[in-house]
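Biologist: Before we start, could you walk me through how some of the labels on a model get decided? I'd like to see the reasoning behind each one.

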Amino acid sequence: MDAFLITAGHIDDGHESEALDPGRIEPETFGPASGPVDAGEMNFDAFDLDGDGTVDSRVVHSDDAVVIVSDFDRDGSADRLTMIESDGDYSAWECRRDDAGSLVWQKIDAGAL
């Protein structure tokens with residue numbers, strides 16, 4: 001599946017929308033209309049998940065889950081989130097634009113460990 005990666009130009013759609021802090025994400029309420037997620041500084045618990053030699057992902061511990069935040073286009077907003085909840089449930093989300101041009105998160109995987 002080809003990823004639609006958000007760029008800074010995509011975030012500004014005429015509406016003021018503050019990026020979510022990944023440390024405040026609650027897995028049970030995160031969904032398509034959650035808006036942009038701040039990828040933050042990639043200097044602590046940071047990794048190169050796509051193997052291109054550039055750090056693109058970091059691990060954040062929220063209240064209810066471990067959240068892996070990935071910013072593959074390095075614009076400061078997350079392109080992909082993976083959440084692993086304390087009970088072993090997990091979900092992976094990818095950011096894209098819908099047909100109306102709105103920023104949405106699409107669940108691309110889910111299950112239990």
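Modeller: Sure, and keep in mind that this is a predicted model. Let's begin with S91, which has a relative accessible area of 7%.

Biologist: Why is S91 called buried?

Modeller: Buried means under 20% relative accessible area. S91 comes in at 7%, so it counts as buried.

Biologist: Where is S91, and what does it touch?

Modeller: S91 sits in strand β5, which covers residues 89-97. Leaving out residues up to four places away in sequence, S91 touches L81, T82, M83, K107, D109 and A110.

Biologist: What makes the link between the side chains of S91 and W93 a polar contact?

Modeller: The distance is part of it: the cut-off is 3.5 Å between N or O atoms, and these two side chains are 3.1 Å apart.

Biologist: How do you know that F30 and W93 form an aromatic pair, and why is the pair called edge-to-face?

Modeller: The structure holds two aromatic pairs. In the one formed by F30 and W93, the rings are 5.2 Å apart, centre to centre, with 80 degrees between the planes. Centres within 6.5 Å make a pair, and planes over 60 degrees apart make it edge-to-face, so both labels fit.

Biologist: Which parts of the chain does that pair link?

Modeller: Distant ones: F30 is in the loop between α1 and β1, W93 is in strand β5, and they're 63 residues apart. Both F30 and W93 are buried, and together with W105 they form one aromatic cluster.

Key: Residues are numbered from 1 along each chain as its sequence is written. This is a predicted model: local features need pLDDT of at least 70, side-chain atom pairs count only at pLDDT 80 or more; totals for chains, interfaces and linings use all residues. Side-chain values use heavy atoms; hydrogens and water are left out. Helices (H or I, at least four residues) and strands (E, at least two) are DSSP runs, numbered from the N terminus. Buried means under 20% relative accessible area, exposed over 50%, partly exposed in between (1.4 Å probe, protein chains only). A polar contact is a pair of N or O atoms within 3.5 Å; within protein, one must be able to donate a hydrogen and the other to accept it, and residues adjacent in sequence count only if both atoms are side-chain atoms. Contact means heavy atoms within 4.5 Å. Rings of Phe, Tyr and Trp (its six-membered ring) pair if their centres lie within 6.5 Å; planes under 30 degrees apart count as stacked, over 60 as edge-to-face and the rest as tilted.
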